[in-house]
Amino acid sequence: MIAVVIGPPGSGKGTQASRVATRLGIPHVATGDILRAEIAKESALGRELEPIIASGALVPDDLILRIIEARLSEPDAASGALLDGFPRTVAQAKALDAMLEHRGSSVDVVVLLQVPEDELWRRMRRRAAEEGRPDDTDDAFRHRLVVYQAETAPVLDYYRSRGTRIAAIDGVGSVDDVTERISVALTRRQRSQRAS
Ligand code: ADP
């Protein structure tokens, strides 16, 4: 099963996607984590990425597509993947469709994690104090919210127009409760897929 998790910054996508992927037995593929690992390695690419990500802007589509193509070619992704942070633009969504079509598969379900903006700010400020991510500053976060509305929200319209199932999940509540809500939606989907 190929599932995509979409949600604004601070919605808990990363936390939830990791937990749900473990339950489903498919790899959790998070482009943000892959990019941060590249920065931590202090590679030439990492040094190029660092200021882009710290500002809250998106890194170029072609780079992300190369990363995803390589990741989905690894053996553990043969049975599917839970994509977190990708696709983030309509161009990325179209490229993903083309990539999957080539492999005889497609996006089965999109999970939309919904959290109101005041709660997103609260969570970001808490995480800033705990983790110190360079893009968890007021300015970068404001920019990430704008980019989400302008670039990522249209991805939902794209999937809607393609008839892909979208599971809208309330992302407010305890971490366990939200994991449960997503798992229920995806397990149902995984079962109906196996039955067909
Ligand atoms: P969040 O969704 O909370 O902003 P992520 O860890 O998913 O956090 O992403 C952090 C940053 O990594 C983004 O602001 C962006 O700079 C970069 N990034 C992650 N995924 C993508 C992508 N698919 N396309 C372009 N940039 C990306």
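This is a short tour of the structure, moving from the ligand to an aromatic pair and then to two places in the backbone. The model is a predicted one, and residues are numbered from 1 along each chain as its sequence is written.

Begin by selecting the ligand, which sits in the largest pocket. Around the ligand there are 20 residues, and the closest of them are Lys13, Thr31, Ala57, Gly85 and Arg88. If you colour this shell by residue class, you should find 8 nonpolar, 5 polar and 7 charged residues. Helix α2, which spans residues 31-40, is the element that gives the most to the shell, with 4 residues.

Next, show the side chain of Lys13 together with the ligand, where an N or O atom of that side chain is 2.7 Å from an oxygen atom of the ligand. Then add Arg88, whose side chain places a polar atom 2.9 Å from an oxygen atom of the ligand. For Gly85, display the backbone, since the contact to look for there is between a polar backbone atom of Gly85 and a nitrogen atom of the ligand, at 2.9 Å. With these contacts in view, switch on a surface: of the 550 Å² of accessible area that the ligand has on its own, the protein covers 96%.

Staying with the backbone, select Phe86 and Pro87, and look at the peptide bond that joins them, which is cis, with omega near -5°. Pro87 itself belongs to the loop that runs between β3 (81-84) and α5 (90-102).

From there, go to Glu42, in the loop between α2 and α3 (44-55). What is the sign of phi at Glu42? Phi is positive there, at about 60°, although Glu42 is not a glycine.

The last stop concerns the aromatic rings, for which the count comes to 2 aromatic pairs. Select Trp121 and Phe141, and draw the planes of their rings: the centres are 5.0 Å apart and the planes stand at 70°, so this pair is edge-to-face, given that planes over 60 degrees apart are counted in that class. The pair links distant parts of the chain, with Trp121 in helix α6 (residues 117-131) and Phe141 in helix α7 (residues 138-162), the two being 20 residues apart. Showing both helices as ribbons, with the two side chains as sticks, lets you view this link between α6 and α7.

Terms used. This is a predicted model: local features need pLDDT of at least 70, side-chain atom pairs count only at pLDDT 80 or more; totals for chains, interfaces and linings use all residues. Side-chain values use heavy atoms; hydrogens and water are left out. A residue is near a molecule or strand if one of its heavy atoms lies within 4 Å of it. A polar contact is a pair of N or O atoms within 3.5 Å; within protein, one must be able to donate a hydrogen and the other to accept it, and residues adjacent in sequence count only if both atoms are side-chain atoms. Accessible areas come from the Shrake-Rupley method with a 1.4 Å probe; for residues, only the protein chains shown count as cover. On a 1 Å grid over the protein atoms alone, a cavity is a set of points where a 1.4 Å probe fits but cannot get out, and a pocket is an open set with protein on both sides within 12 Å along at least five of seven lines; lining residues have an atom within 4 Å of a point. A molecule sits in a cavity or pocket if more than half of its atoms lie within 2 Å of its grid points. Ala, Val, Leu, Ile, Met, Phe, Trp, Tyr, Cys and Pro count as nonpolar, Asp, Glu, Lys and Arg as charged, and the others, Gly among them, as polar. Rings of Phe, Tyr and Trp (its six-membered ring) pair if their centres lie within 6.5 Å; planes under 30 degrees apart count as stacked, over 60 as edge-to-face and the rest as tilted.
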